[in-house]
Amino acid sequence: MLSFASDLDESTRKQIERGRRVTELMKQTQYSPMSVAQMAVSLFAANEGFLDSIEVSKVLAFESALHLYMKTEQSELMDKINATGDYNDEIKNGLQTAITTFVNTHSW
């Protein structure tokens with residue numbers, strides 16, 4: 001595997017690493033379904049590269065802390081996503097700002 005991994009170009013290696021983190025996000029606790037807003041936050045964070053620097057073993061801890069932050073500090077945004085299911089520039093900008101703030105000011 002090491003030989004194969006060293007033969008990959010940087011872009012492919014980054015895609016594989018991101019995929020490992022997304023796989024971790026998909027491991028939901030049984031009987032603990034996520035809301036639409038929680039799923040949106042998790043997938044947005046993964047898609048926008050916020051998880052790229054997180055060790056795979058810490059992805060679920062990061063997600064849990066992020067969800068708590070969003071619930072307590074960004075409740076209006078979360079309520080809006082849950083109520084409408086919309087994804088538009090306003091939601092995107094809100095998620096970008098909120099997750100950037102979380103990453104820069106919190107630990108997990």
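How are α2 and α4 oriented to each other? In this predicted model, the two helices pack at an angle of about 60°, and α2 and α4 are therefore oblique to each other. The legends below begin with the whole chain and then turn to individual close-up views.

**Figure 1. Overview of the predicted chain.** The chain contains six helices and zero strands. Its elements follow the pattern α-α-α-α-α-α when read along the sequence. The C-alpha trace spans about 50 × 30 × 25 Å along its principal axes. Of the 108 residues, 28% count as buried. Among contacts between residues at least 6 apart in sequence, 73% join residues at least 24 apart. Six salt bridges are found in a search of the whole structure; several of these appear in the later views.

**Figure 2. Packing of helix α2 against helix α4.** The axes of α2 and α4 lie 9 Å apart, at an angle of about 60°. Angles of 65 to 115 degrees would count as roughly perpendicular and those under 35 degrees as roughly parallel, so this pair is classed as oblique. The crossing of α2 with α4 is right-handed. On the α2 side, the contact is made by Arg21, Glu24 and Leu25, and on the α4 side by Val59, Leu60 and Glu63. The residues of this contact divide into three nonpolar, no polar and three charged.

**Figure 3. Surroundings of Glu24 in helix α2.** Glu24 is placed in helix α2. Its relative accessible area is 14%. Because buried residues are those under 20% relative accessible area, Glu24 is counted as buried. Leaving aside residues up to four places away in sequence, Glu24 touches Val56, Val59 and Leu60. Two residues of this list, Val59 and Leu60, also belong to the α4 side of the contact between α2 and α4.

**Figure 4. Packing of helix α3 against helix α4.** Helix α3 comprises residues 36–47 and helix α4 residues 59–73. The two helices pack at an angle of about 125°, with their axes 10 Å apart. The helices α3 and α4 are therefore oblique to each other. Their crossing is right-handed. In the contact, Gln38, Val41, Ser42 and Ala45 of α3 meet Glu63, Leu66, His67 and Met70 of α4. These residues divide into four nonpolar, three polar and one charged. Glu63 of α4 takes part in this contact and also in the contact of α4 with α2.

**Figure 5. Salt bridge between Glu10 and Arg13.** Side chains of opposite charge can pair when their charged atoms come close. In this view, the side chains of Glu10 and Arg13 meet in a salt bridge with an N to O distance of 2.5 Å. Both residues lie in helix α2 (residues 10–25), three residues apart, about one turn of the helix. Glu10 is partly exposed, at a relative accessible area of 43%. Arg13 likewise counts as partly exposed, at 35% relative accessibility.

**Figure 6. Salt-bridge network of Glu17, Arg20 and Arg21.** A network of salt bridges links Glu17, Arg20 and Arg21. Within this network, the closest N and O atoms of Arg20 and Glu17 are 3.1 Å apart. Arg20 and Glu17 both belong to helix α2 and are three residues apart, about one turn of the helix. Arg20 is partly exposed, with a relative accessible area of 41%. Glu17 is also partly exposed, with a relative accessible area of 24%. Arg21, the third member of the network, is among the α2 residues in contact with α4.

**Figure 7. Salt bridge between Arg18 and Asp52.** The side chains of Arg18 and Asp52 meet in a salt bridge, at 2.6 Å from N to O. Arg18 lies in helix α2 and Asp52 in the loop between α3 and α4, so the pair ties together parts that are 34 residues apart in sequence. Arg18 is partly exposed, with a relative accessible area of 28%. Asp52 counts as partly exposed as well, at 36% relative accessibility.

**Figure 8. Position of Ser11 relative to Ala98.** Ser11 is found in helix α2. With 49% relative accessibility, Ser11 counts as partly exposed. Because a residue is counted as exposed when over 50%, Ser11 is kept in the partly exposed class. Ser11 and Ala98 are 87 residues apart in sequence. In space, the C-alpha atoms of Ser11 and Ala98 are 27 Å apart.

How values were computed:
Residues numbered from 1 in each chain as written. Predicted model: local features only at pLDDT ≥ 70, side-chain atom pairs only at ≥ 80, totals over all residues. Heavy atoms only, no water. Axes fitted to C-alpha atoms, helices over the stretch in contact; angles between N-to-C directions. Helix = DSSP H or I, 4+ residues; strand = E, 2+ residues; numbered from the N terminus. Parallel < 35°, antiparallel > 145°, perpendicular 65-115°, else oblique. Left-handed = near helix turned anticlockwise from the far one by under 90°. Contact = heavy atoms within 4.5 Å. Nonpolar A, V, L, I, M, F, W, Y, C, P; charged D, E, K, R; others polar. Salt bridge = Lys/Arg side-chain N within 4 Å of Asp/Glu carboxyl O. Buried < 20%, exposed > 50% of the residue type's maximum accessible area, 1.4 Å probe, protein only.
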